[in-house]
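I opened the notebook to record what I looked up in this structure. The entries follow the order in which I checked things.

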Amino acid sequence: TTSRSADNYMSAWRAKTVEATDTAADLIKAVLTSEPGAKLADQQTVAKGQYLLFEIPCPTGFDDVEFLVSNEGVPERNFDGDFPGNLIVFRTLERTPKYVYPFQTPIGDLGRQKNRLNAIRDSIGAR
């Protein structure tokens with residue numbers, strides 16, 4: 001993130017599944033069932049794994065939500081928190097933010113995007 005606020009940061013997730021295509025299918029199902037009007041705008045197999053782009057309606061237009069499901073796992077480091085599964089990195093942004101004049105400060109989304117991502121993560125059982 002480029003934000004200076006820790007509230008706007010979320011770390012990458014670790015999926016329960018070990019195949020990138022299975023994790024991508026889980027993400028597609030989770031987003032399309034939990035977000036009314038959501039549309040899978042792009043899906044690609046890339047060198048690093050699976051790329052997904054969703055367009056999700058919001059009060060100001062659309063949010064773009066992107067996921068990259070890596071087909072490379074984290075090597076076993078003998079850390080307590082390590083477990084097998086795909087690494088999922090993501091970003092979400094409001095396509096047409098509204099600003100407060102004259103300061104040009106974007107109006108916050110009241111946690112809408114963070115809550116959405118938490119619900120998706122919980123839905124697929126990622127950590």
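**Entry 1: R91 and its partner.** I looked up R91 in this predicted model and found R91 partly exposed, because its relative accessible area is 48%. Its salt-bridge partner is E66, with the closest N and O atoms 2.3 Å apart. R91 belongs to strand 5 and E66 to strand 4, so this salt bridge ties together parts of the chain 25 residues apart in sequence. I then asked whether E66 is buried or exposed. E66 counts as buried, because 17% relative accessibility is under the 20% cut-off.

**Entry 2: R95.** Next I looked up R95 and noted two salt bridges. One of them is with D64, where the closest N and O atoms are 2.7 Å apart. D64 sits in strand 4 and R95 in the loop between strand 5 and strand 6, 31 residues apart. The other is with E55, at 3.1 Å from N to O. E55 is in strand 3, and 40 residues separate E55 from R95. I wrote down the accessibilities too. R95 is partly exposed at 37%, while D64 is buried at 14% and E55 is buried at 18%.

**Entry 3: salt bridges in total.** How many salt bridges does the structure hold? I counted nine.

**Entry 4: strand 4.** Several of these residues led me back to strand 4, so I checked its neighbours and its cover, because D64 and E66 both lie there. Strand 4 runs antiparallel to strand 3, and 10 bridges join the two. A hairpin of two residues connects strand 3 to strand 4. I noted one bridge pair here, P57 with F62 of strand 4. Strand 4 also pairs with strand 5 in the antiparallel sense, over eight bridges. S70 and L87 are bridge partners, L87 being in strand 5. As for cover, seven of the 10 residues of strand 4 are buried.

**Entry 5: helix 1.** I checked the length of helix 1, which covers residues 20–34. Its 15 residues should span 21 Å at 1.5 Å a residue, and the end C-alpha atoms are 21 Å apart, so the two values agree. Which residues of helix 1 are buried? I listed A20, T23, A24, L27, I28, A30 and V31. The buried residues of this helix pack against strands 1, 2, 3, 4 and 5 and against helix 2.

**Entry 6: Q113.** I moved on to helix 2, where Q113 is found. Q113 counts as buried, because its relative accessibility is 11%. Leaving aside residues up to four places away in sequence, Q113 touches D63, T92, L93 and E94.

**Entry 7: a surface patch.** I looked for nonpolar residues on the surface and found a patch of V100, F103 and I107, with about 310 Å² of accessible area together. I107 is in the loop between strand 7 and helix 2. I recorded I107 as partly exposed, because its relative accessible area is 47%.

**Entry 8: the whole protein.** Last, I noted the overall figures. The protein has two helices and seven strands, in the order β-α-β-β-β-β-β-β-α from the N terminus. Of its 127 residues, 32% are buried. Its accessible surface is about 8,100 Å², and carbon and sulfur atoms account for 53% of that. Among contacts between residues at least 6 apart in sequence, 55% join residues at least 24 apart.

Technical notes
Residues numbered from 1 in each chain as written. Predicted model: local features only at pLDDT ≥ 70, side-chain atom pairs only at ≥ 80, totals over all residues. Heavy atoms only, no water. Helix = DSSP H or I, 4+ residues; strand = E, 2+ residues; numbered from the N terminus. Expected span 1.5 Å × (residues − 1). Buried < 20%, exposed > 50% of the residue type's maximum accessible area, 1.4 Å probe, protein only. Contact = heavy atoms within 4.5 Å. Patch = residues over 30% accessible without salt bridge, like charges linked within 9 Å, V, L, I, M, F, W, Y side chains within 5 Å. Areas by Shrake-Rupley, 256 points an atom, 1.4 Å probe, with all protein chains shown as cover. Salt bridge = Lys/Arg side-chain N within 4 Å of Asp/Glu carboxyl O. Pairing = 2+ DSSP bridges.
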